[in-house]
Amino acid sequence: KVRQQSRIKAVTNNLRQLSTAAQQYFLDKGVTQAAYTDLVGTGTDNYIRNVSPVAGEDYSTITVAQSATQLSISNTSFGTVTFNQ
C-alpha cells in the first residue's frame with residue numbers, strides 16, 4: 001500500500017508539472033490548448049525535458065486545455081489519478 005501511495009504521489013507530481021508547463025505555454029504562445037509534444041522534449045522551445053512514468057503510464061496522449069480544471073491519467077496498476085489545477 002505504501003508503494004502504491006508513493007506511485008500515486010509521483011504521478012500527481014508529473015501531472016502538476018504538465019499543468020504548470022501548459023500554463024506557461026498558454027502565456028507564451030497565446031493559445032488555449034497544448035499537446036504533450038508541445039510541452040515535453042529536448043528542444044529549446046519545450047518546457048519540460050522529460051516526464052518519467054512510474055508505473056507504465058503513458059502521458060503522450062495528454063492534451064491540456066486552458067479551460068480545464070483538472071488533468072487525469074489512468075493505469076491498471078493504480079487506477080485513475082487526477083490533479084486539480
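Start with contacts across the whole chain, where contact means heavy atoms within 4.5 Å. Of the contacts with a separation of 6 or more, 47% link residues 24 or more positions apart. Keep in mind that this is a predicted model, in which local features need pLDDT of at least 70, side-chain atom pairs count only at pLDDT 80 or more, and totals for chains, interfaces and linings use all residues. Residues are numbered from 1 along each chain as its sequence is written, and side-chain values use heavy atoms, with hydrogens and water left out.

**Stop 1: the whole chain**

Switch to a cartoon view. You should find two helices and four strands, following the pattern α-β-α-β-β-β along the sequence. Helices (H or I, at least four residues) and strands (E, at least two) are DSSP runs, numbered from the N terminus. Now turn the model around: the C-alpha trace spans about 40 × 25 × 15 Å along its principal axes.

How does the radius of gyration of the chain fit with that of a compact globule? The chain has 13 Å, which agrees with the value near 12 Å for a compact globule of 85 residues. The radius is taken over C-alpha atoms, and the globule rule is 2.2 Å times the number of residues to the power 0.38.

Try a surface view next. The chain exposes about 5300 Å², and carbon and sulfur atoms supply 45% of that area. Such areas come from the Shrake-Rupley method with a 1.4 Å probe; for residues, only the protein chains shown count as cover. Buried residues make up 33% of the 85 residues. Here buried means under 20% relative accessible area, exposed over 50%, and partly exposed in between (1.4 Å probe, protein chains only).

**Stop 2: the nonpolar core**

Select Leu-15, Leu-18, Leu-39, Tyr-59 and Ile-62. These have the most contacts inside the largest nonpolar core, which has 22 residues. The elements that give two or more residues to this core are α1, α2 (36–39), β3 and β4. Helix α1 gives the most, with seven residues. A nonpolar core is a set of buried Ala, Val, Leu, Ile, Met, Phe, Trp, Tyr and Cys residues joined through side-chain atoms within 4.5 Å.

Zoom in on Leu-39. Not counting residues up to four places away in sequence, Leu-39 touches several others, including Leu-18, Ala-21, Tyr-25 and Val-64.

**Stop 3: along helix α1**

Select residues 2–29, which form helix α1. Begin with Ser-6, found in this helix. Ser-6 counts as partly exposed because its relative accessibility is 46%. Draw a distance from its C-alpha atom to that of Val-54: they are separated by 9.4 Å, although the two residues are 48 apart along the chain.

Move on to Thr-12, also placed in helix α1. Is Thr-12 buried or exposed? Thr-12 is buried, with a relative accessible area of 17%. Leaving aside neighbours within four places in sequence, Thr-12 is in contact with Val-81 and Phe-83.

Then go to Ser-19, another residue of α1. Ser-19 is buried because its relative accessible area is 5%. Not counting residues up to four places away in sequence, Ser-19 touches Leu-71, Phe-83 and Gln-85.

**Stop 4: strands β3 and β4**

Two of those partners lead to a hairpin. Select residues 70–75 for strand β3 and 79–84 for strand β4. The hairpin joins β3 to β4 through three residues. The strands run antiparallel, with six bridges between them; two strands pair if DSSP finds at least two bridges between them. Look for Leu-71 with its bridge partner Phe-83, and for Asn-75 with Gly-79.

Which residues lie on the covered face of β3? Leu-71, Ile-73 and Asn-75 do, while Gln-70, Ser-72 and Ser-74 are on the uncovered face.

**Stop 5: Gln-85**

Finish at Gln-85, in the segment after β4. Gln-85 counts as partly exposed because its relative accessibility is 34%. Show the side chains here: Gln-85 and Ser-19 are joined by a polar contact of 2.7 Å, and Gln-85 makes another with the side chain of Gln-23 (3.5 Å). A polar contact is a pair of N or O atoms within 3.5 Å; within protein, one must be able to donate a hydrogen and the other to accept it, and residues adjacent in sequence count only if both atoms are side-chain atoms. Lastly, Gln-85 and Thr-20 are 65 residues apart in sequence and 8.7 Å apart in space, C-alpha to C-alpha.
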